[in-house]
Amino acid sequence: MNAESLDGRLLFAIPKKGRLYEKCLSLLSGADIQFRRHNRLDVCLSLNHNIALVFLPASDIPSFVGKGDIDLGITGHDVILESKMDGLVTEALRLGFGKCALQVQVPEGGPIKTVEDLAGKRVVTSFEVLAGSFFREIDDKLGLKDDEKTKIEYVGGSVEAACALGLADGIVDLVESGDTMRAAGLHAIGTVLNTEAVLIKSSTPKHPHHTSMIEMITNRIRGVVAASKYVICQYNISRDRLHEATSITPGRRAATVSPLEEENWVAVSSMVEKGRSAAVMDELVRIGAEDVLIFNLDNCRV
């Protein structure tokens, strides 16, 4: 592959590994962006769109997109803020996966109980910018000056080991389930921010002719995200229980109701929240609904 093969193509940056990578592949599949990545090359061409996918470290994506060298990208909200690119990129869409919290953690059972207790001490993190900004506010509030201020030190990985090794009094790191922190004997005393994966574009794009394709991709991905939150519920119900049934499954605008050949019976189809689907089925059966079915959605426009 050479530079000429990328001419005129929209460049779409995808995290090359880590917690977002597999989810991004599912998202691209749901949006019908087809590709083959040969021998784990970091650039590949879409088979059905005028798009080139560029696989990059998530931490590099905001910079490439913010400078307009790449048209679209997926990365973490925290990565944008840590790279100080929030003024140069626009978050087109929150994607609903990769959710975690950037938390302040300290040893369980230790003397430090609040972030104010930790202020002025040693904090180790991979997020110098965000941790620095967070503790700067705490230091200012407490009136700490010069050498009294919190000492932020950078490490590239295994942040949770810093307290046990005597390198820090507390840490700031991303926490998803909290299992790793609990195993290291740590617990949270504060949250710097909550984050998730986001679709981003340049605030000052270099390639305005890609605007329509950016909108198309954004809408498709928005449809995949919405589809992941809903299912289709279909069932049969007697007409005299229809009002009660549609109060359980009102749909986004209204349920679809169709008459059946059997007198006084109708078929109902409605979108329901995926997380409530089992409870909705229970309620429908309770009021006499029959043939209650749930169908997953691959994509939608809602």
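Mentor: Some vocabulary to start: helices (H or I, at least four residues) and strands (E, at least two) are DSSP runs, numbered from the N terminus. What you see is a predicted model, where local features need pLDDT of at least 70, side-chain atom pairs count only at pLDDT 80 or more, and totals for chains, interfaces and linings use all residues. Residues are numbered from 1 along each chain as its sequence is written, and side-chain values use heavy atoms, leaving out hydrogens and water.

Trainee: What makes aspartate 179 and arginine 182 a salt bridge?

Mentor: The term means a side-chain nitrogen of Lys or Arg within 4 Å of a carboxyl oxygen of Asp or Glu. Here the closest N and O atoms are 2.6 Å apart, so the pair qualifies. Both residues sit in helix α6 (residues 179-183), three residues apart, about one turn of the helix.

Trainee: Why is arginine 182 called exposed, and aspartate 179 partly exposed?

Mentor: Relative accessible area decides: buried is under 20%, exposed over 50%, partly exposed in between (1.4 Å probe, protein chains only). Arginine 182 has 53%, so it counts as exposed. Aspartate 179 has 47%, so it is partly exposed.

Trainee: How do you know that glutamate 196 and arginine 94 form a salt bridge, and what does the pair tie together?

Mentor: Their closest N and O atoms are 3.8 Å apart, so they fall within the limit. Glutamate 196 is in the loop between β10 (186-195) and β11 and arginine 94 is in strand β5, so they tie together parts 102 residues apart in sequence. At 13%, glutamate 196 counts as buried, while arginine 94, at 38%, is partly exposed.

Trainee: How do you know that glutamate 82 has no salt bridge?

Mentor: Glutamate 82 is buried, and its nearest side chain of opposite charge, lysine 84, is 8.2 Å away. That is not within 4 Å, so no bridge is counted. (Lys and Arg count as positive, Asp and Glu as negative; His and the chain ends are not counted.) A polar atom of the glutamate 82 side chain does lie 3.0 Å from the backbone nitrogen of glutamate 128.

Trainee: Why do β1 and β4 count as a pair?

Mentor: Two strands pair if DSSP finds at least two bridges between them. Strand β1 (residues 10-15) and strand β4 (residues 72-76) have two, in the parallel sense, so they make the cut. Alanine 13 stands opposite glycine 73 in β4.

Trainee: What makes phenylalanine 135 buried?

Mentor: Its relative accessibility is 1%, so it counts as buried. Phenylalanine 135 lies in helix α5 (residues 128-142).

Conventions:
A polar contact is a pair of N or O atoms within 3.5 Å; within protein, one must be able to donate a hydrogen and the other to accept it, and residues adjacent in sequence count only if both atoms are side-chain atoms.
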